[in-house]
Every structure is written in C-alpha cells, then in structure tokens.
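This briefing is for a reader meeting the structure for the first time. Please look through the sequence and the model before reading the points.

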Amino acid sequence: MIENIKKKYKENGYSSLTDKEKVILLLSYSEKGNDIEKAADKICDFYGSLHTAADSDIGFLMKECKINLSGAVLINLISQINRRTEVSKAMRNRLNSEQNAKQFFSAYLKGKSTEAVAATVTDKNFRIVNTTILSYGGFSEVHVPIRLIIDFILKNECKYLFIAHSHPNKDETPSPSDIKSTIDIKNAVESIGITLVDHIITGMNGAISMRSRDRNMFTSINEYKILDN
C-alpha cells in the first residue's frame with residue numbers, strides 16, 4: 001500500500017492524496033513494521049483530519065496514536081510550515097485595517113496549546129516593525145507585566161502598538177480581566193507617546209477586535225488610518 005501511495009504522490013502530487021494517505025506517507029519515513037496503517041487509522045479517527053492532528057501536542061499524539069517521536073514531529077511540522085507561510089503572507093500587509101490585524105494575529109498565534117500574549121509595533125503607516133510573544137498564560141498584568149511592553153517598545157522605533165492574545169480552548173469573548181488590562185496598557189504606553197491601536201483576541205471560532213467592540217477604549221486615534229506624507 002505504501003508503494004502505491006508513493007507512486008500516486010509522485011505522479012499526481014501531494015494534493016491528490018486523502019488525509020489517511022498523507023498520514024501513511026509521512027509515517028513511512030519514520031515508523032517501521034506493519035503498524036503504519038493502523039496508526040494512520042487511529043490518527044484519522046481520533047482527530048478527524050490531518051490538519052487537526054498537525055495542531056495537536058506532540059506528546060499527546062505519540063501517546064494516543066502509538067507513534068514514535070519522529071512521526072509526531074513530522075505531522076506537527078505541517079502545522080508549523082503552514083503557520084509560517086500564513087505569517088509571511090500576512091506580514092506583507094500593513095496592519096491598517098481590522099481585517100488585516102485579525103488575519104495577521106490569527107496566523108501568528110495559530111497552534112498555541114496555551115494562551116499566548118503577543119505584541120506588535122508598527123511605524124506611522126502601519127508597516128510591521130517587530131513582533132514578539134510576551135508571555136504564556138492568561139492575559140492580565142500578572143502574566144504580562146507592563147514593563148515588558150514598555151521595554152519592547154523602547155527597543156524598536158515605532159509609532160503604534162497592537163496587543164493580541166489567544167483563547168485556544170474557548171471563544172474570543174474578552175473577559176473583565178482582558179478589558180481592565182487593555183485599559184492599563186493603553187494608559188501606560190500613551191504616557192511615552194505610543195498609541196495602542198487595537199487588542200485582537202483569537203479563539204476557537206475566529207478573532208475579534210476589541211476596538212470594534214468598544215471604541216471608547218481607543219480614543220487616541222479615531223480609526224485605523226494610514227498617515228502617509
């Protein structure tokens with residue numbers, strides 16, 4: 001069966017394969033013996049799709065589907081490669097619209113198994129200057145000391161700040177802690193002349209812009225607006 005899949009892959013390309021065939025092809029480079037098809041069945045039955053399996057924790061994938069470390073890493077690499085491709089595409093766009101910001105941070109935070117907090121700084125025309133993960137854990141001043149954000153800003157020549165964090169296991173609705181911390185961060189960065197443009201929250205169903213939810217929180221600028229000379 002493996003030889004037939006490899007032949008199909010060579011003749012018709014990766015996209016011609018079913019999810020199970022893709023899993024079998026990947027595992028054929030890391031697993032030995034006659035259990036590759038059984039492992040592929042477990043992965044497809046448990047996760048429903050290769051895309052979902054690729055976003056899974058490596059240790060969990062090994063334990064539940066009885067594959068070795070090399071096989072789990074190969075499957076996980078699909079998600080990582082896809083994420084890096086999406087981030088690279090998104091970084092070519094300016095963060096000059098709510099949609100562009102949601103697209104960028106959805107790609108950047110994709111595949112995180114725990115809550116992650118990111119910060120992005122841009123120039124006055126919303127071109128990305130730098131992006132970083134500030135911390136892992138809930139979005140609050142405890143997990144994201146404001147001094148980390150200030151340090152990040154001061155190390156980069158920028159005009160605007162975007163904050164984002166992920167809700168990997170729930171929806172995108174901001175919590176009271178999310179709202180309070182956003183206001184505190186906004187006030188802190190404005191004291192050094194930087195504008196917090198938006199706070200994007202990504203979740204199981206997509207992403208939301210806190211600016212679109214409550215424009216009164218973001219009064220330093222009226223809207224996403226390119227300030228070309």
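The points below go from the whole chain to the sheet, the helices, the loops and the salt bridges.

The model is a predicted one. Its secondary structure comes to 10 helices and five strands. Of the 229 residues in the protein, 45% are buried.

**Overall**

- The protein exposes about 12,000 Å², and carbon and sulfur atoms supply 49% of that area.
- Among contacts with a separation of 6 or more, 60% are between residues 24 or more positions apart.

**The sheet**

- Five strands form an open sheet in the order β2-β1-β3-β4-β5, and their pairing is mixed.
- The edges are held by β2 (128–136) and β5 (206–209); each has a single partner strand, so one side of each is left without a neighbour in the sheet.
- On average, neighbouring strands of this sheet are turned by 20° against each other, direction ignored.
- At one edge, β1 and β2 pair in the antiparallel sense over seven bridges, and A119 has T132 in β2 as its bridge partner.
- At the other edge, β4 (residues 195–203) pairs with β5, also in the antiparallel sense, over four bridges. Here I200 stands opposite S209 in β5.
- Helix α9 (residues 176–190) lies across β3 (160–166) and β4, and runs at about 155° to β4.

**Helices and surface**

- In helix α2 (residues 19–27), seven of the nine residues are buried, so the helix is largely enclosed by the rest of the structure. The buried residues of α2 are E21, K22, V23, I24, L25, L26 and L27.
- L69, V73 and L77 make a nonpolar surface patch of about 230 Å².
- V73 belongs to helix α6 (residues 69–91) and is partly exposed, with a relative accessible area of 32%.
- R213 is found in helix α10 (residues 210–213). Apart from its neighbours within four places in sequence, R213 is in contact with P174 and I208.
- R213 and P174 are 39 residues apart in sequence, but their C-alpha atoms are 9.5 Å apart in space.

**Loops and positive phi**

- Most residues other than glycine have a negative phi.
- K66 has a positive phi of about 60° although it is not a glycine. K66 sits in the loop between α5 (58–65) and α6 and is exposed, at a relative accessible area of 58%.
- F126 also has a positive phi, near 70°, and is likewise a residue other than glycine. F126 lies in the loop between β1 (116–122) and β2, a hairpin with five residues between the strands.
- F126 is buried, with a relative accessible area of 0%.
- S16 is in the loop between α1 (2–12) and α2 and counts as partly exposed at 25% relative accessibility.
- Leaving aside neighbours within four places in sequence, S16 is in contact with K8 and E21.
- S16 and I5 are 11 residues apart in sequence and 10.0 Å apart in space, C-alpha to C-alpha.

**Salt bridges**

- The count comes to seven salt bridges.
- One of them joins the side chains of E21 and K8, at 3.0 Å from N to O. E21 lies in helix α2 and K8 in helix α1, so the pair ties together parts that are 13 residues apart in sequence.
- Of these two, E21 is buried at a relative accessible area of 17%, and K8 is partly exposed at 27%.
- R127 forms a salt bridge with D123, with the closest N and O atoms 3.4 Å apart. R127 is partly exposed, with a relative accessible area of 38%, and D123 counts as partly exposed at 21%.
- The side chains of K180 and D184 meet in a salt bridge of 2.8 Å, N to O. K180 and D184 are four residues apart in helix α9, which separates them by about one helical turn.
- K180 is partly exposed, at a relative accessible area of 49%, and D184 counts as partly exposed at 22%.
- K20, E37 and D41 are joined into one network by salt bridges that share partners.

Terms used
Residues numbered from 1 in each chain as written. Predicted model: local features only at pLDDT ≥ 70, side-chain atom pairs only at ≥ 80, totals over all residues. Heavy atoms only, no water. Pairing = 2+ DSSP bridges. Helix = DSSP H or I, 4+ residues; strand = E, 2+ residues; numbered from the N terminus. Axes fitted to C-alpha atoms, helices over the stretch in contact; angles between N-to-C directions. Contact = heavy atoms within 4.5 Å. Patch = residues over 30% accessible without salt bridge, like charges linked within 9 Å, V, L, I, M, F, W, Y side chains within 5 Å. Areas by Shrake-Rupley, 256 points an atom, 1.4 Å probe, with all protein chains shown as cover. Salt bridge = Lys/Arg side-chain N within 4 Å of Asp/Glu carboxyl O. Buried < 20%, exposed > 50% of the residue type's maximum accessible area, 1.4 Å probe, protein only.
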